[in-house]
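This report concerns the nonpolar core and the salt bridges of a single protein chain. Please examine the sequence and the structure shown here before reading on.

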Amino acid sequence: MATKLEILDAALEVLRHGDALTLDAVARHAGLTKPGLVHHFATKEGLTVAVVDRVIDLWEAELRERVSDESDEVERLRAYVEFSLLDDLDPSDLALLADARLRDKLSDQWMRRLDPWFGSGLDDPRVRSVRLLADGAWFDRSLGIVELSRAQRESMLSVALGLISEGVQK
């Protein structure tokens, strides 16, 4: 019998393969019957919310490796920018878009959990621009739209971190 964590990881595999996040698809990937899956997640909405939490948990683990517990908002934003430009990303990182009917709920969940990493209290236009650059990198890289070499992404990271420094020192 699969655990909830194994089921959520199977759901991420469904998204990585470009399939729709359905109870049937997740059950198949998890090696369960649909009733076996429903035992853990009674509805598609419950599964989708849990999948988004799983993605956020994975993101936070990666982000926390880059900063200390005492990090300030600038350090956390730098960690997010580095993560979005250099880490491995795939379609499962866009789980919050898995069900358009849940867009508001999933967006609220995403922001509530990850807002501390986005530098939302930093108002300088350079810093805001870097946040949007990182968001675009996350989105594009997750979809495989823009293919950049590691060296190109490192160069962009250098520019982005410079803009943050300029904006903070103003």
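The following paragraphs describe the core, an annotated region and the salt bridges of this predicted model.

**Nonpolar core**

The largest nonpolar core holds 52 residues, and within this core V51, Y80, V81 and W110 touch the most other members. Two or more residues come from each of α1 (4-16), α2 (23-30), α4 (44-64), α5 (73-86), α6 (103-114), α7 (125-143) and α8 (150-169). The greatest contribution, nine residues, is that of α4. Leaving aside residues up to four places away in sequence, V81 is in contact with V130, A134, L157, A160 and I164.

**Annotated region**

An unreviewed UniProt entry lists residues 22-41 as "DNA-binding region". In the model, this span is 75% helix and 0% strand, and its end C-alpha atoms are 11 Å apart.

**Salt bridges**

The model contains 17 salt bridges, including those tabulated below.

| Pair | Closest N and O atoms |
|---|---|
| D24 and K34 | 3.9 Å |
| R113 and D57 | 2.5 Å |
| D104 and R103 | 3.6 Å |

D24 belongs to helix α2 and K34 to helix α3 (residues 34-40), so their salt bridge ties together parts ten residues apart in sequence. D24 is partly exposed at 40% relative accessibility, and K34 is partly exposed at 38%.

The R113 and D57 pair ties together parts that are 56 residues apart in sequence, because R113 lies in helix α6 and D57 in helix α4. R113 is partly exposed, with a relative accessible area of 23%; D57 is partly exposed, with 39%. Through shared partners, salt bridges join D53, D57, E60 and R113 into one network.

Terms used
Residues are numbered from 1 along each chain as its sequence is written. This is a predicted model: local features need pLDDT of at least 70, side-chain atom pairs count only at pLDDT 80 or more; totals for chains, interfaces and linings use all residues. Side-chain values use heavy atoms; hydrogens and water are left out. A nonpolar core is a set of buried Ala, Val, Leu, Ile, Met, Phe, Trp, Tyr and Cys residues joined through side-chain atoms within 4.5 Å. Buried means under 20% relative accessible area, exposed over 50%, partly exposed in between (1.4 Å probe, protein chains only). Helices (H or I, at least four residues) and strands (E, at least two) are DSSP runs, numbered from the N terminus. Contact means heavy atoms within 4.5 Å. UniProt positions are given in the numbering used here, feature names are shortened, and annotations may be inferred rather than shown by experiment. A salt bridge is a side-chain nitrogen of Lys or Arg within 4 Å of a carboxyl oxygen of Asp or Glu.
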